[in-house]
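Q: Here is a structure whose labels should each be checked against a stated criterion. Please go through them one at a time and say in each case what justifies the label.

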Amino acid sequence: MQKSSFVQWPFFQNILSTLFSRKAFGHKILGCPVHMSNPDTYVRNAFKFNVCFVLKPNANTTCYEKVLKKLVQYLTVLEVCTTYIFSMYYTMLQHIKHIL
């Protein structure tokens, strides 16, 4: 991963996670969970999300690993800079509470 000019590099070292691959429900799941701690921003002091690809059970995942890692990096930068993912999640929860 390249260093970002607009986000402090040491911050990334705390939130990058490792890829995992599991077979479940007749598919292969390639995922990367992310944990971001920030008591000032998040209601529960942290925000967790998982980015994953669902593939055929016999798929070779090596060609998808770099793409998934890059997608996680982009989403992490987006979240750090704008809290975009958390804002969407929080808005969705408010709509659900209103419906119920």
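A: A loop is placed by the elements around it, and those elements are DSSP runs numbered from the N terminus, a helix being a run of H or I with at least four residues and a strand a run of E with at least two. The model is a predicted one, and its protein chain has 3 helices and 3 strands, which run in the order α-β-β-β-α-α from the N terminus on. Asn-60 lies in the loop between E3 and H2, and Thr-61 also has its place in the loop between E3 and H2.

Q: What makes Asn-60 count as buried or exposed?

A: The label exposed requires over 50% relative accessible area; Asn-60 has a relative accessibility of 52% and therefore counts as exposed. The C-alpha atom of Asn-60 is 9.4 Å from that of Lys-28, a residue 32 places away along the chain.

Q: Why is Thr-61 called buried?

A: Buried means under 20% relative accessible area, and because the relative accessible area of Thr-61 is 10%, the residue is buried. Once neighbours within four places in sequence are left aside, Thr-61 is in contact with Ser-21, Lys-28, Leu-30 and Leu-55. The C-alpha atoms of Thr-61 and Ile-29 are separated by 9.1 Å, although the two residues are 32 apart along the chain.

Q: How do you know that E1 and E2 pair, and in which sense?

A: Two strands are said to pair if there are at least two bridges between them; strand E1 (residues 20–24) and strand E2 (residues 27–37) have 5 bridges and pair in the antiparallel sense. Within this pairing Arg-22 stands opposite Ile-29 in E2. E2 and E3 are also antiparallel partners, here over 10 bridges, with His-35 opposite Lys-48 in E3.

Q: What is notable about the phi of Phe-25, and what makes this residue count as buried or exposed?

A: Most residues other than glycine have a negative phi. Phe-25, however, has a positive phi of about 55° although it is not a glycine. Its place is in the loop between E1 and E2, in a hairpin that has 2 residues between the strands. Since exposed means over 50%, the 81% relative accessibility of Phe-25 is why this residue counts as exposed.

Q: Which residues have the most contacts inside the largest nonpolar core, and what makes such a set a core?

A: A core of this kind is a set of buried nonpolar residues joined through side-chain atoms within 4.5 Å. The largest one has 15 residues, and those with the most contacts inside it are Phe-47, Phe-49, Leu-68 and Val-72. The elements that give two or more residues to this core are E2, E3, helix H2 (62–82) and H3, and E3 gives the most, with 5 residues. Leu-68, when residues up to four places away in sequence are not counted, touches Leu-19, Leu-30, Gly-31, Cys-32, Val-51, Cys-52 and Phe-53. Over the protein chain as a whole, buried residues make up 27% of the 100 residues.

Q: What is the volume of the largest pocket, and how do its lining residues divide?

A: The volume of the largest pocket is about 270 Å³. A residue belongs to the lining if it has an atom within 4 Å of a point of the pocket, and the lining residues include Tyr-42, Arg-44, Phe-47, Lys-48, Phe-86, Tyr-90 and Lys-97. Two or more residues of this lining come from each of strand E3 (46–55) and helix H3 (84–99), and H3 gives the most, with 6 residues. The lining residues divide into 8 nonpolar, 1 polar and 3 charged, where Tyr counts as nonpolar and Lys and Arg count as charged.

Note on methods
Residues numbered from 1 in each chain as written. Predicted model: local features only at pLDDT ≥ 70, side-chain atom pairs only at ≥ 80, totals over all residues. Heavy atoms only, no water. 1 Å grid on protein atoms, 1.4 Å probe; cavity = no way out; pocket = protein on both sides within 12 Å on 5 of 7 lines; lining within 4 Å. Points joined across faces, edges and corners; volume = space filled by probe spheres on them. Buried < 20%, exposed > 50% of the residue type's maximum accessible area, 1.4 Å probe, protein only. Contact = heavy atoms within 4.5 Å.
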